[in-house]
Amino acid sequence: LLSAGPWGQRFPVPSFYGEFEVLDQRVVGQRHLKWLLSAGHRQQPVDAILFYAPDQALSQQCRSLRIHYELGVNEYQGMQSLQLLVRHIV
C-alpha cells in the first residue's frame with residue numbers, strides 16, 4: 001500500500017474495519033494504547049496502537065476490540081513489522 005500512493009486530500013489512505021481478540025494491552029508514553037491482537041486462532045498476532053487515547057480507553061481492559069484502522073510499519077531497533085494504526089474504537 002505504501003507504493004500505491006501518493007495519499008492526500010483527494011486520495012485518502014486506505015482504512016479498514018475489523019474485530020480482534022486482545023492478547024495483551026498496555027499504556028506506552030502516558031497517553032498511547034498498544035495492543036497485541038489476533039484475528040483468529042490461525043492468524044499470527046499483530047501489533048496495534050492508538051495514539052492519544054481518551055481517558056476512558058486508558059482505564060479499560062478489553063478482551064476484544066472492534067476497530068477502524070490503517071496499516072502502518074513499526075520500526076524498532078532496526079526491525080520493521082506490521083502495525084495497525086487505530087483511528088477509532090467502534
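What share of the contacts in the protein with a separation of 6 or more comes from residues 24 or more positions apart? In this predicted model, such residues account for 43% of those contacts. The legends below begin with the whole chain and then turn to its aromatic residues.

**Figure 1. Overall fold of the predicted model.** The protein contains 1 helix and 5 strands. Along the sequence these elements follow the order β-β-β-α-β-β. The C-alpha atoms occupy a box of roughly 35 × 30 × 30 Å along the principal axes. The radius of gyration is 14 Å, which agrees with the value near 12 Å for a compact globule of 90 residues.

**Figure 2. Surface and charges of the protein.** Of the 90 residues, 29% are buried. The accessible surface amounts to about 6,800 Å², and carbon and sulfur atoms contribute 50% of this area. The protein carries 8 positive and 7 negative charges, and the mean positions of the two sets lie 4 Å apart.

**Figure 3. The aromatic pair of Phe16 and Tyr69.** A search of the whole structure yields 2 aromatic pairs. In the pair shown here, Phe16 and Tyr69 are tilted, with 5.8 Å from centre to centre and 35° between the planes. Phe16 belongs to strand S1 (residues 16-28) and Tyr69 to strand S4 (residues 64-76), so the pair ties together parts that are 53 residues apart in sequence. Phe16 is partly exposed, with a relative accessible area of 32%. Tyr69 counts as buried because its relative accessibility of 12% is under 20%.

**Figure 4. The aromatic pair of Phe20 and Tyr69.** Phe20 and Tyr69 form an edge-to-face pair, at 5.8 Å centre to centre and with 70° between the planes. The angle counts as edge-to-face because it is 70°, and planes over 60 degrees apart fall in that class. This pair also links distant parts of the chain, with Phe20 in strand S1 and Tyr69 in strand S4, 49 residues apart. Phe20 is buried, its relative accessible area being 10%.

**Figure 5. The aromatic cluster formed by Phe16, Phe20 and Tyr69.** These three residues, Phe16, Phe20 and Tyr69, make up one aromatic cluster. Within the cluster, Tyr69 pairs with Phe16 in a tilted arrangement and with Phe20 in an edge-to-face arrangement. Phe20 and Tyr69 are buried, whereas Phe16 is partly exposed.

Notes
Residues are numbered from 1 along each chain as its sequence is written. This is a predicted model: local features need pLDDT of at least 70, side-chain atom pairs count only at pLDDT 80 or more; totals for chains, interfaces and linings use all residues. Side-chain values use heavy atoms; hydrogens and water are left out. Helices (H or I, at least four residues) and strands (E, at least two) are DSSP runs, numbered from the N terminus. The radius of gyration is taken over C-alpha atoms; the globule rule is 2.2 Å times the number of residues to the power 0.38. Buried means under 20% relative accessible area, exposed over 50%, partly exposed in between (1.4 Å probe, protein chains only). Contact means heavy atoms within 4.5 Å. Accessible areas come from the Shrake-Rupley method with a 1.4 Å probe; for residues, only the protein chains shown count as cover. Lys and Arg count as positive and Asp and Glu as negative; His and the chain ends are not counted. The place of a charge is taken as NZ of Lys, CZ of Arg, CG of Asp or CD of Glu. Rings of Phe, Tyr and Trp (its six-membered ring) pair if their centres lie within 6.5 Å; planes under 30 degrees apart count as stacked, over 60 as edge-to-face and the rest as tilted.
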